[in-house]
Amino acid sequence: SRVGRAACPRSHRRGTRSHRTGSTRDGGGDAAGSSPPRLSVRIGLDATPLLGDRTGVGRYTASLLDALRRYDDDLLVTAFTFRGRGGLEQVAPDGVDVAGRPVPVGALHRLWARREWPPVELLAGSVDVFHATNFVLPPLRRARGVVTVHDLAYLHQPATVSAASARYRTLVPRSLRRDNHGGIGASIRMRRYRRVRDAGRA
């Protein structure tokens, strides 16, 4: 399946946001004045681990999404899979936007291992921050990025992982460099990653 350059995908919102608490989008606090003024941001989340059998990464992603829903930010979930957003509409919580294009994750990983395209905004729409919950942070056009690396089995015990996980050897360092567009924070994380990686080889 080919990744096209069409317009950004439309998102679909499930349910209502009536469960949200905290400050409002215009930066005002609550009626009692107990919450400091702030502006909400649009947070994107890789919710692919919520699909299929729920693994430890899937449970982590579900817990993270549940925690983020307590704040007054706009949440969007997407899935990097040929099913696109279809499967997510069944598992996404109410009040969370669902967006995505039907693109095989293997094809995306092969592209992301070599190029800074396609960016996450092309696949899921505009976000301020994107959290890659499962090792691989996509290229970013304007958004800030966060990536969670759950373990280094693909480095320290390569015989125990799948071919897809073995590709993390290339994808994870690229993801760390993408974080914050390669700024100082990304450089520090890369040094820490190399120390942990090299310690496992000793």
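pLDDT is the predictor's confidence in each residue, from 0 to 100, and contact denotes heavy atoms within 4.5 Å. The structure is a predicted model, in which local features need pLDDT of at least 70 and side-chain atom pairs count only at pLDDT 80 or more, whereas totals for chains, interfaces and linings use all residues. Residues are numbered from 1 along each chain as its sequence is written, and side-chain values use heavy atoms, with hydrogens and water left out.

**View 1. Segments of low confidence.** Over residues 1-7, pLDDT stays under 50, and the model has 16 contacts beyond four places in sequence for them. Residues 16-29 also have pLDDT under 50 throughout, with 36 such contacts. The protein averages a pLDDT of 80, and 70% of the residues score at least 70.

**View 2. Strand β5 and its parallel partners.** Strands are DSSP runs (E, at least two residues) and helices likewise (H or I, at least four), numbered from the N terminus; two strands pair if DSSP finds at least two bridges between them. Strand β5 (residues 129-132) runs parallel to β2 (residues 42-46), joined by 3 bridges, with V129 as the bridge partner of I43. Parallel to β5 runs β6 (residues 144-147), joined by 4 bridges; here H131 is partnered by V146.

**View 3. The largest nonpolar core.** Such a core is a set of buried (under 20% relative accessible area, 1.4 Å probe, protein chains only) Ala, Val, Leu, Ile, Met, Phe, Trp, Tyr and Cys residues joined through side-chain atoms within 4.5 Å. This one has 22 residues, and F80, W112, F130, Y154 and Y168 have the most contacts inside it. Among the elements giving two or more residues are α3 (105-112) and β5; α7 gives the most, with 4 residues.

Terms used. Buried < 20%, exposed > 50% of the residue type's maximum accessible area, 1.4 Å probe, protein only.
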